[in-house]
Amino acid sequence: MKILAIDTSCDDTSISISEDLNILANVSWSKLKTHNDFGGVVPSEAKRQHKEFLDPVITESLNVAHLGINDIDVVAVTYGPGLAIALEAGIQKAKEICCKHNKKLIGVNHMIGHIYSCLAKDAEGNAYSGVDDFEFPLLALTISGGHTDLYLMKSHMEFEKIGGTLDDAIGEAFDKVGRMLGLGFPAGHKLETLAKLGNSFAYDFPRPMHNTNDFNWSFSGLKTAVLYQIKKLQSGYEGNPIKDDFKMKDESNNLDETTINNLAASFQEAAFESLIIKLRKAISQYNPKMLVIGGGVIANQTLRNKLETLCRNSNTPLFYPKPMWLCTDNASMIAVAANFYAQKNLYIKDIESLDRVPGLEI
Ligand code: KG4
Ligand code: ZN
């Protein structure tokens, strides 16, 4: 089955062409650099970008795949979660193509896409994560800018949520701490680079909720602990923070390079140790056949190393997409997931009825 997949959930205009699980083309366009000035994504800017670039990116991806629109069997599109008006741009384009060229339509949950990114293969059929199919039961973790969720899967497309963050997502914490350290947006990759140069034992940041008997996380307190530490370093600040302190602005002006690197390394260590502590507990309770991980934060090499060690010690096979473009937002994961929606016959019957669901959950 040949699929044209669209993801416009945030600020990447991403199109993928796939045949079954094989990715024939993945073309993404992002104007992230211009969003940097705002310290985040401006929805109206993202919408404008999608409207402008969807057509050329679709043309380019069909060219890369050496296919025409008539070769496509199904259009798959992300309908949530994400920014409402950004999602809308992709959904409208998907409807337009389906009506004009008489194609079937599948609406895909972006977070299911991140989980199924682990089953993507290259054009020759080589699995990007090293696994051809899921073995159940498995544990699936999503770690992105908006999510930190843990699921037990007993079969394809069956998800039981067993844990999640109670406040900030882990990627969000990276972006907020990155902003305090003057790293721009999004900060994950830059923070990782600085952390490699720093001492992860320099500051003893908390591992929130590490001894609770559930599989939940909290990253908001950790982020605030970094803020207090910065304030202390800058002015001997010890008192109660005032409301303005929580605006997460650039606090880095008086910090030297070594201090910034040490703060980045110590924050990253605490965030990842929090993840590992709960994953260790979940593996020992559920004894899964594998642990699969998707989302932008799995691009981080330090985290990958920690997870490899955890899974080696617990004899649990670990799979995550190796290429960076398959970890962060992309339409290929939407194409891969669409194969499993199709197996369950989850086509949209009335094409016009597909609507965006910004807060969509698995
Ligand atoms: O999956 P994704 O591209 O978008 C969402 O669905 O949210 O994830 C983006 C998140 C951002 O918060 C970004 O800072 C984080 O992934 N990220 C990283 C790294 N690369 C991206 N976090 C830590 N280390 C990285 N190398
Ligand atoms: Zn995402």
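Student: How do the residues of the shell around ligand 1 divide into nonpolar, polar and charged?

Tutor: Keep in mind that this is a predicted model. The shell has six nonpolar residues, 12 polar ones and three charged ones. In total, 21 residues surround ligand 1, and the closest are Gly145, Asp175, Glu192, Gly296 and Asp329.

Student: Which polar side-chain atom lies 2.8 Å from a nitrogen atom of ligand 1?

Tutor: That one belongs to Glu192. On the oxygen side of the ligand, the side chain of Asp175 has an N or O atom 2.7 Å from a ligand oxygen. The backbone takes part too: an N or O atom from the main chain of Gly188 sits 3.1 Å from an oxygen atom of ligand 1.

Student: How much of the accessible area that ligand 1 has on its own does the protein cover?

Tutor: On its own the ligand has 560 Å² of accessible area, and the protein covers 88% of that. If you want to know where the shell comes from, look at helix H4 (110-116), helix H5 (170-180) and helix H6 (188-197): these are the elements that give two or more residues to it.

Student: Let's go to the core. What should I expect in general, and which residues touch the most other members here?

Tutor: In soluble globular proteins, nonpolar side chains tend to be buried together. In this model the largest nonpolar core has 52 residues, and Phe267 and Leu307 touch the most other members. The elements giving two or more residues to this core include strand E6 (138-143), strand E7 (148-155), helix H7 (220-235) and helix H9 (301-313). H5 and H6 are also among them, and you've met both helices already in the ligand shell. The largest share, 13 residues, is from H8, a helix that spans 257-286.

Student: Next, cysteines. How many disulfides does a search of the whole structure find?

Tutor: First the idea: a disulfide is a covalent bond between the sulfur atoms of two cysteines. Here the search of the whole structure comes back with zero. Take Cys98: the nearest cysteine sulfur is that of Cys99, and it is 6.7 Å away. Cys98 counts as buried, because its relative accessibility is 2%.

Student: And why is Cys327 without a bond to Cys118?

Tutor: Distance again. The sulfur in Cys118 is the closest cysteine sulfur to that of Cys327, but the two are 8.7 Å apart, so they are too far for a bond. Cys327 is buried as well, with a relative accessible area of 0%.

Student: Backbone geometry next. Where are the cis peptide bonds that involve Pro81 and Pro186?

Tutor: The general rule is that most residues other than glycine have a negative phi, and most peptide bonds are trans. One exception here joins Gly80 and Pro81, with omega about -10°. Pro81 is in the loop between strand E4 (74-80) and helix H3 (84-101). Another cis bond joins Phe185 and Pro186, where omega is also about -10°, and Pro186 is in the loop between H5 and H6.

Student: What is the phi of Asn287, and is the residue buried or exposed?

Tutor: Its phi is positive, about 45°, although Asn287 is not a glycine. You'll find Asn287 in the loop between H8 and E9, and it counts as exposed, at 63% relative accessibility. Asn345 is another case, with a positive phi near 60°. Asn345 is in the segment after helix H11 (332-343), and it is exposed, with a relative accessible area of 54%.

Student: Back to side chains. Which backbone atoms does the side chain of Thr165 reach?

Tutor: There are two to look at. The Thr165 side chain reaches the backbone nitrogen of Asp167 at 3.2 Å and the backbone oxygen of Asp168 at 2.6 Å. Thr165 itself is in the loop between strand E8 (158-164) and H5.

Student: Last one: how do I read sequence separation against distance in space, say for Leu318 and Ser129?

Tutor: Put the two numbers side by side. Leu318 and Ser129 are 189 residues apart along the chain, yet their C-alpha atoms are separated by 9.0 Å. Leu318 lies in strand E10 (residues 318-319) and counts as buried, at 13% relative accessibility. For Glu124 and Leu24, 100 residues apart along the chain, the C-alpha separation is 9.0 Å. Glu124 is in the loop between H4 and E6, and at 66% relative accessibility it counts as exposed.

Notes: Residues are numbered from 1 along each chain as its sequence is written. Chains are lettered from A and ligands numbered from 1 in the order in which they are written. This is a predicted model: local features need pLDDT of at least 70, side-chain atom pairs count only at pLDDT 80 or more; totals for chains, interfaces and linings use all residues. Side-chain values use heavy atoms; hydrogens and water are left out. A residue is near a molecule or strand if one of its heavy atoms lies within 4 Å of it. A polar contact is a pair of N or O atoms within 3.5 Å; within protein, one must be able to donate a hydrogen and the other to accept it, and residues adjacent in sequence count only if both atoms are side-chain atoms. Accessible areas come from the Shrake-Rupley method with a 1.4 Å probe; for residues, only the protein chains shown count as cover. Helices (H or I, at least four residues) and strands (E, at least two) are DSSP runs, numbered from the N terminus. Ala, Val, Leu, Ile, Met, Phe, Trp, Tyr, Cys and Pro count as nonpolar, Asp, Glu, Lys and Arg as charged, and the others, Gly among them, as polar. A disulfide is a pair of cysteine sulfur atoms within 2.5 Å. Buried means under 20% relative accessible area, exposed over 50%, partly exposed in between (1.4 Å probe, protein chains only). A nonpolar core is a set of buried Ala, Val, Leu, Ile, Met, Phe, Trp, Tyr and Cys residues joined through side-chain atoms within 4.5 Å.
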